[in-house]
Amino acid sequence: MIPVLFAPQERQKAIALMASATFISFPIGPIVGGYLLDNFWWGSVFLINVPVVAMALIAVAFLLPESRSQQRPRLDVLGVIWSSAGLAALTYGCIRAGENGWTNPGALATIAAGVVLLVILVAWERGVGRRGGRR
């Protein structure tokens with residue numbers, strides 16, 4: 001986004017400003033979240049983001065110029081399926097291991113299946129890249 005919005009001579013300033021805002025937000029987020037949890041309903045920590053996201057969407061719609069590439073790759077459906085299934089299996093396996101112990105065969109099998117699916121994903125994505133980015 002920064003190369004589209006800023007001229008080359010202004011990019012360093014834009015990156016510095018973005019990094020500064022990120023750096024400041026790290027301590028402010030937990031402080032504001034703690035205040036909201038102490039003084040309001042617990043869901044307020046999620047609802048506080050609604051106006052921020054609304055303003056960001058409006059700003060993007062009106063201020064961000066179009067920057068679409070001439071060569072757009074197709075959606076990698078198999079990559080989405082393998083990454084989703086692998087991460088879901090890995091996560092569920094860790095949850096099962098936390099409940100039933102890390103030596104539980106079912107938990108270990110689920111974790112192993114997740115790892116295998118993620119290895120397949122990496123192999124698939126490397127192959128797609130060698131074929132010239134066609135998807």
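Helices here are DSSP runs of H or I with at least four residues, and strands are runs of E with at least two, numbered from the N terminus. You are looking at a predicted model, in which local features need pLDDT of at least 70, side-chain atom pairs count only at pLDDT 80 or more, and totals for chains, interfaces and linings use all residues. Residues are numbered from 1 along each chain as its sequence is written, and side-chain values use heavy atoms, with hydrogens and water left out.

**Stop 1: the nonpolar patch**

Select Tyr35 to begin; this residue lies in helix H2. Now add Leu37, Phe40, Trp41, Trp42, Phe46, Leu47 and Val50, and you have a nonpolar surface patch whose accessible area comes to about 960 Å² together. Helix H2 (11-39) and helix H3 (44-47) are the elements that give two or more residues to this patch. Patch members have over 30% relative accessible area and no salt bridge; nonpolar side chains (Val, Leu, Ile, Met, Phe, Trp, Tyr) are joined within 5 Å, and like charges within 9 Å. A salt bridge, for that purpose, is a side-chain nitrogen of Lys or Arg within 4 Å of a carboxyl oxygen of Asp or Glu. The areas come from the Shrake-Rupley method with a 1.4 Å probe, and for residues only the protein chains shown count as cover.

**Stop 2: the rings**

Switch to sticks for the aromatic side chains: the structure holds 4 aromatic pairs. How do the rings of Tyr35 and Phe40 meet? Their centres are 6.2 Å apart and their planes stand at 70°, so this pair is edge-to-face. Another edge-to-face pair is Trp42 with Phe46, at 6.0 Å centre to centre and 90° between the planes. Rings of Phe, Tyr and Trp (its six-membered ring) pair if their centres lie within 6.5 Å; planes under 30 degrees apart are stacked, over 60 edge-to-face, and the rest tilted. Add Trp41 to Trp42 and Phe46 to see one aromatic cluster.

Colouring by accessibility helps here. Buried means under 20% relative accessible area, exposed over 50%, and partly exposed in between (1.4 Å probe, protein chains only). Phe40 counts as partly exposed because its relative accessibility is 49%, while Trp42 and Phe46 are both exposed.

**Stop 3: Asp76**

Jump to Asp76, in the loop between helix H4 (49-63) and helix H5 (77-100). Buried or exposed? Asp76 has a relative accessible area of 10%, so it is buried. Its side chain makes a polar contact with the side chain of Trp124 at 2.9 Å. The Asp76 side chain also reaches the backbone nitrogen of Gly79, at 3.1 Å. A polar contact is a pair of N or O atoms within 3.5 Å; within protein, one must be able to donate a hydrogen and the other to accept it, and residues adjacent in sequence count only if both atoms are side-chain atoms.

**Stop 4: Thr110**

Next, select Thr110 in helix H6 (residues 105-130). This threonine is buried, because its relative accessible area is 14%. Which side chain does the Thr110 side chain touch through a polar contact? Look for Arg96, 3.4 Å away. Leaving aside neighbours within four places in sequence, Thr110 is in contact (heavy atoms within 4.5 Å) with Ala89, Leu90, Tyr92, Gly93 and Arg96.

**Stop 5: long spans**

Zoom out and try the distance tool between C-alpha atoms. Ala113, also in helix H6, is partly exposed at 35% relative accessibility. From Ala113 to Leu47 the distance is 37 Å, with their positions 66 residues apart in sequence.

Gln12 in helix H2 is exposed at 69%, and its C-alpha is 42 Å from that of Val116, 104 residues apart in sequence.

Finish at Gln9, in the loop between helix H1 (2-5) and H2. Gln9 is exposed, with 62% relative accessible area, and its C-alpha is separated by 34 Å from that of Val50, 41 residues apart along the chain.
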